[in-house]
Amino acid sequence: MARDGDVPTIFNPKRVRAPSVIITSEEVVEADRSIDVERERPNGPPTPLSPRAPLTPQTSVSSAPPLTTQPSLQQTFSESAASSQDEERQVRDKGCPRSCCSKIAKKIYYGVCVTFVLVASWVTVTHCIKYLYLQDYSPIHSADFSMFNNYTSRFRTHHLYNAPFFTAWFCTNWLILFYPIYLIVMLIHNKCKSANSIACNAFNDFKEKGFTFARFLSRCSLFCLLWVVTIYMYTYSLKILLSTDVVALFATNVSCIYLLSWVILHEQFVGVRIVAAILCDTGIALLAYMDGITGNSTLGGVVLAACAAAGFAIFKVLFRKVMGEVNTGQRALFFSILGIVNATLLWPVCLALYLTGTELLPAHRMPWMHLLIASVALLVFHMGFQFGNLVTYNIFVSIALITAVPVSAALDVVLYGVCFEGMKLSGIILITVGFSLVMLPDNWPDYIMRLLRWSRRRQRGNDGSGRNRDTVDYRTGYIRSHLRSPSGRVR
């Protein structure tokens, strides 16, 4: 039972919610008048205008003036949130207009651009280093060097370039620019961060992994030695072989990376990649004996190029094993420190090789332009190779190594009139096929089964076998159609 002055079903003390009826100013005036009248009659019975009179919903609604409804708090909050989202969307559309491409399409477009940059830079590096060995760098104006003694003239009067270690050392020095370029890009992208905070974050991440300064520097030194030896074997093989042969042999590093990852990193075993490794090894063997067995240095050049590919694979797998998962800032910092260690510790080796006559440098006409172009192109290649997976899929980064083979072959045909035939052509084709098999995904049989099922369905539709689609499936009792699976579920 409702007590006097209570309005049932409207003011329920067990429910806490916003009132759906508000009191107007006229009702407030009526209530004030009733209070005054009650004060004049303190002992009289309650009048119809008295608030103590029992009211029913019918009488209260009928006697009251027109009431206005008030919106609930949830509705008000949703409307305000929607309006704020509309304003944010308008500001975003004005600042950065919507693109007509999806994220997957953008990644594919970026992947094509990254592949083009990597192919152009890698072919430029290879052909510039090859060009250094082919040219005669005699001085433009003849000069009399009789003032030099025999010991000095033995190193200063030659006109050939034969310094593979100096080339590797000089090109590796440009890795110092890895982290400065990364800082510039990050400062442009994140204007709220400072260079000190970005650098401190990279060093702190290495500290959290347990790297001390001495331990980090020692590991950078070991990786620097492995890196320089790899580049040295690559540049030395260019002195013996054609650029296309060296590029194709270096592309076999993907099979080496898989084998080492399977053994060291315990990655998933994929049988087709073992077949790819066998094909790559067969291609290397064909290139090794393409000019015969005796009387030439082709075998030594092929061995050097194959060892360079293996060295790069060892470098990449050991980096993941020793350094673990690193972000872009840590990777850029590592390569910059690698360049600093190379420039600081290995310059005496270059000087010793030059003074002993092991390496020859045309001091009167050094090919600095070609060295600079090769160094900058190598820096661009490694930056794209290390950071290309941030903007696109990793397959576009890896496929650039094998795409450089036909581009380099075209340049060899145009510049030097090379003819690819016989064992040389067969070896390159086998390496290309092995590279393609390594790039297959881990679940490649699933994709093949889907393709076979799709082709089978399409063949049934083209053969006119659709007339049997209305036959009853006795396992489920449903009529066979494209709308239901054999188990009876709607597709």
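A pocket, in this predicted model, is an open set of grid points with protein on both sides within 12 Å along at least five of seven lines.

**Exercise 1. Work out how big the second largest pocket is and which residues sit nearest its centre.**

Step 1: Start with the volume. The second largest pocket comes to about 850 Å³.

Step 2: Now look at the wall. The lining is made up of 29 residues, and Ile257, Lys316, Arg320, Asn394 and Ser398 lie nearest the centre.

Step 3: Sort the lining by class. You should get 16 nonpolar, seven polar and six charged residues.

**Exercise 2. Find which helices supply at least two residues each to that lining, and which helix gives the most.**

Step 1: Go along the chain and list them: H11 (253–263), H13 (298–323), H14 (328–345), H16 (368–387) and H17 (394–416).

Step 2: Pick the top contributor. That's H13, with six lining residues.

**Exercise 3. Describe how H10 and H13 pack against each other.**

Step 1: Take the axes. Those of H10 (residues 243–250) and H13 come within 8 Å and cross at roughly 35 degrees.

Step 2: Check the handedness. H10 passes H13 in a right-handed crossing.

Step 3: Name the partners. From H10 you have Val246, Leu249 and Phe250; on the H13 side they meet Val302, Ala305, Ala308, Ala309 and Phe312.

Step 4: Class them. This contact has eight nonpolar residues, with no polar and no charged ones.

**Exercise 4. Decide where to be careful with the model's confidence.**

Step 1: Get the overall picture. The average pLDDT is 75, and 68% of the residues score at least 70.

Step 2: Spot the weak stretches. Among them, residues 142–156 stay under 50, with ten contacts beyond four places in sequence. Residues 466–470 also stay under 50, with eight such contacts.

Step 3: Draw the lesson. Where pLDDT is low, don't read the predicted coordinates in detail.

Definitions and conventions
Residues are numbered from 1 along each chain as its sequence is written. This is a predicted model: local features need pLDDT of at least 70, side-chain atom pairs count only at pLDDT 80 or more; totals for chains, interfaces and linings use all residues. Side-chain values use heavy atoms; hydrogens and water are left out. On a 1 Å grid over the protein atoms alone, a cavity is a set of points where a 1.4 Å probe fits but cannot get out, and a pocket is an open set with protein on both sides within 12 Å along at least five of seven lines; lining residues have an atom within 4 Å of a point. Grid points are joined across faces, edges and corners, and a volume is the space filled by probe spheres set on the points. Helices (H or I, at least four residues) and strands (E, at least two) are DSSP runs, numbered from the N terminus. Ala, Val, Leu, Ile, Met, Phe, Trp, Tyr, Cys and Pro count as nonpolar, Asp, Glu, Lys and Arg as charged, and the others, Gly among them, as polar. Axes are lines fitted to C-alpha atoms, for helices over the stretch in contact, and angles run from 0 to 180 degrees between N-to-C directions. A crossing is left-handed if the near helix is turned anticlockwise from the far one by less than a right angle, and right-handed if clockwise. Contact means heavy atoms within 4.5 Å. pLDDT is the predictor's confidence in each residue, from 0 to 100.
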